[in-house]
Protein chains: 2
Amino acid sequence: MERIRDAAVARFGRDGFSAGLRTIATDAGVTAGLVIHHFGSKEGLRQACDDYVLGVIRSEKLRAATSGSAAGMLAQLAEIEQYGPLALYAVRSMQAGGELATAFVEHMVQDAEEYLAAGVAAGTIRPSRDPAGRARYLTFQGMGSLMLWISLHPEMVSVDDFRTALREISDQITLPALELFTEGLFVDRTMLDSYLMYVPDPPGGPAVP
Amino acid sequence: MERIRDAAVARFGRDGFSAGLRTIATDAGVTAGLVIHHFGSKEGLRQACDDYVLGVIRSEKLRAATSGSAAGMLAQLAEIEQYGPLALYAVRSMQAGGELATAFVEHMVQDAEEYLAAGVAAGTIRPSRDPAGRARYLTFQGMGSLMLWISLHPEMVSVDDFRTALREISDQITLPALELFTEGLFVDRTMLDSYLMYVPDPPGGPAVP
DNA sequence: GGGTGGATTGAACAGGCGTTTAGTCTTTGA
DNA sequence: TCAAAGACTAAACGCCTGTTCAATCCACCC
C-alpha cells in the first residue's frame with residue numbers, strides 16, 4: 001500500500017496527473033484493480049499522495065534559506081536525496097491547483113513572512129508597510145517563476161536532473177535578484193510616493209486572495 | 001474554419017488542452033469529423049491556434065506598460081474586449097509548455113529588455129550589470145506569479161472574469177512591488193558585494209536557458 | 001484443520017477519446 | 001446544364017481510461 005503510494009507520487013511527479021492507473025500499478029508491481037481496492041478511486045489515490053506529501057513538508061521544518069528566494073525551500077527539499085520525487089510532485093500539484101497546492105503555497109507564504117520578520121528584527125531586511133503582502137508577493141514571484149521555467153523546459157524535469165535544474169536556475173537568477181534586492185529598480189521615489197499619496201495606508205494589508 | 005479555430009481558442013482557454021474535439025465542434029456548431037478534415041488532427045488544430053494567437057500578439061505591438069510588471073502585457077491584452085480569450089489561451093499555453101509558450105515568453109523577455117533599456121537611458125531605471133538577465137528574471141517572476149495565482153484560483157478564470165481577476169492581482173501586488181523596486185529588500189550591500197567578489201563579471205550575461 | 005478475512009488478480013464493462021470512412025449536400029465553374 | 005470540388009455529416013473503429021466483479025490466493029486464529 002505504501003509502495004503503491006510511493007510509485008504514484010513518483011509517476012505523478014514525472015508525468016503529471018494524467019498518468020494512468022495501470023502505469024502506476026505496473027510501477028508498483030501490482031494491478032490496477034488493487035489500486036482501486038485500496039484507495040477507492042484515482043481521486044482517492046491522489047488525495048493519499050497529497051496528504052503524504054503535505055505531511056512530510058510540514059514535519060520537516062523546511063525554511064526558505066537562500067536570499068529571499070522562495071524557491072529555496074523546494075531546492076532544499078530536492079537536495080535531500082530521497083525527497084526528490086516529493087518536490088516534483090509538489091510542483092505538479094501547483095500546476096494543477098487544488099487543496100495541496102493551496103496549503104503548500106500558504107505554508108511557504110507564512111514561512112517567508114516569518115523569515116522576513118526575523119531579517120527585519122536583525123536589521124538586515126528593510127521593514128515593509130505591508131509585511132504579509134510582501135511575503136505573499138515574494139513567494140508567488142519565486143515559486144511562480146520556477147513553475148514557468150519548468151513548463152518551458154519539461155525535458156529537464158526528470159527525477160534525476162531536478163536538483164541540477166534547480167541549481168542552474170539559481171545560477172541564472174542570483175545576480176539579478178541580488179541587484180534588485182540591494183539596489184532596487186527605480187532611481188527615484190516618485191512612483192512609490194505618488195502611490196502612497198493616492199492610496200490610504202493598508203490596514204493590516206490587502207485581503208487574502 | 002475560422003469559426004472552428006475561434007471556438008477552439010476559447011474552449012482551450014477555458015478548459016485547457018484536454019478539452020475534447022466534440023466539445024469544440026459543438027461550440028462551433030459543426031461535427032468532430034469536420035475539425036479533423038480541416039486541421040488534420042487535434043495537434044494540427046492546436047498548431048493553428050498557436051499560430052493565430054502568436055500572430056495577433058506579434059502584430060499588436062503590445063508593451064509591458066505598467067511599472068516593470070511583466071503581467072502588464074497580458075492585462076493589456078485582456079483589456080481589449082475581443083482579445084480576452086486570447087489572453088486566456090496564452091496562459092494555458094504557458095502552463096502546458098511548447099513552442100507558442102516559448103515564443104510568447106521570449107517575446108515578452110525581449111520586450112522587457114527594451115523597456116528597461118529605455119528606462120535606463122531616460123534615467124528612471126538603474127542600470128544593471130546584466131541587462132538581459134535582469135529582463136529575463138523580471139519577466140519570469142511576473143508571468144510566473146500570474147500563472148501560479150491562476151492555478152490556485154481556477155474558479156476566477158472564466159473568460160468574463162479574467163480582466164477582473166487581473167485587476168485584483170494588480171491591486172494586491174502594487175505596493176510590495178513598488179516598495180521592492182524603489183527601496184530594495186536588503187539594508188546593506190554585503191550580499192551583493194560578496195557575490196560580485198566571488199563571481200567574475202558576467203561576460204554578456206549568463207547563457208540563455 | 002477449517003474457516004474467516006484481507007490481499008491480489010484477470011477479465012470484463014461502460015464511456016470518452018482521436019480518427020477513419022463512406023456518403024450526402026452545397027457551391028462553383030466551364 | 002452538368003460535373004467536379006469542397007463543405008459537411010453520421011456512424012463506426014480502435015484505443016485508452018477508470019471502475020466493477022467474481023474468483024483465487026495466502027495468512028492468521030479458534
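This is a guided tour of a predicted model with two protein chains and two DNA strands, given as a series of selections.

**Before you start**

Residues are numbered from 1 along each chain as its sequence is written, while chains are lettered from A and ligands numbered from 1 in the order in which they are written. Because the model is predicted, local features need pLDDT of at least 70 and side-chain atom pairs count only at pLDDT 80 or more, whereas totals for chains, interfaces and linings use all residues; side-chain values use heavy atoms, with hydrogens and water left out.

**Stop 1: the two protein chains**

Select chain A and chain B and colour them separately. A turn of 180° with a shift of 0.0 Å along the axis lays chain A on chain B with an RMSD of 0.0 Å (copies are superposed by least squares on the C-alpha atoms of residues with pLDDT of at least 70 in both). This is how a two-fold axis relates two copies. Both copies use the same surface, since 100% of the contact residues of chain A recur in chain B; contact here means heavy atoms within 4.5 Å.

**Stop 2: the interface between A and B**

Now show the residues at the contact: chain A gives 58 residues and chain B gives 58 residues. About 5,800 Å² is buried between the two chains, and carbon and sulfur atoms give 67% of that area (buried area is the accessible area, with a 1.4 Å probe, that two parts lose on being put together, summed over both). Next, pick A:Tyr137, A:Leu185 and A:Phe186, which supply 12% of the area that chain A buries against chain B, more than any other three residues.

For the charged pairs, select A:Glu183 and B:Arg189. They form a salt bridge whose closest N and O atoms are 3.0 Å apart. Across the interface there are 6 salt bridges, each a side-chain nitrogen of Lys or Arg within 4 Å of a carboxyl oxygen of Asp or Glu. The two chains also have 26 residue pairs in polar contact, with both residues at pLDDT 80 or more (a polar contact is a pair of N or O atoms within 3.5 Å; within protein, one must be able to donate a hydrogen and the other to accept it, and residues adjacent in sequence count only if both atoms are side-chain atoms).

Switch to a cartoon of chain A. Helices α6 (84–96), α7 (99–122), α8 (131–152), α9 (162–183) and α10 (190–198) each supply at least two residues of the side that touches chain B. Of these, α8(A) gives the most, with 16 residues. Helices are DSSP runs (H or I, at least four residues), numbered from the N terminus. Coloured by residue class, this side of chain A divides into 30 nonpolar, 18 polar and 10 charged residues; Ala, Val, Leu, Ile, Met, Phe, Trp, Tyr, Cys and Pro count as nonpolar, Asp, Glu, Lys and Arg as charged, and the others, Gly among them, as polar.

**Stop 3: A:Gln95**

Zoom in on A:Gln95, which is found in helix α6 of chain A. Its side chain is joined to that of A:Ser151 by a polar contact of 3.2 Å. Leaving aside neighbours within four places in sequence, A:Gln95 is in contact with A:Met147, A:Ile150 and A:Ser151, and with B:Gln95 and B:Ser151.

**Stop 4: DNA strand C**

Select DNA strand C and the 15 residues that surround it; the closest are A:Thr31, A:His37, B:Leu21, B:Arg22 and B:Lys42 (a residue is near a strand if one of its heavy atoms lies within 4 Å of it). Sugar and phosphate account for 50% of the strand's atoms that come within 4 Å of the protein.

Three distances are worth displaying:

- a polar backbone atom of B:Leu21 to a phosphate oxygen, 2.8 Å
- a side-chain N or O atom of B:Arg22 to a base oxygen, 2.8 Å
- a polar backbone atom of B:Lys42 to a phosphate oxygen, 2.7 Å

The elements giving two or more residues to this surface are α3 (32–39) of chain A and α2 (21–28) of chain B. Here α3(A) gives the most, with 4 residues.

**Stop 5: DNA strand D**

Finally, select DNA strand D. It is surrounded by 14 residues, and A:Leu21, A:Arg22, A:Ile36, A:Lys42 and B:Thr31 are the closest. A polar side-chain atom of A:Arg22 lies 2.9 Å from a base oxygen, and a polar backbone atom of A:Lys42 is 2.7 Å from a phosphate oxygen. On this strand, α2 (21–28) of chain A and α3 (32–39) of chain B each supply at least two residues of the nearby surface.
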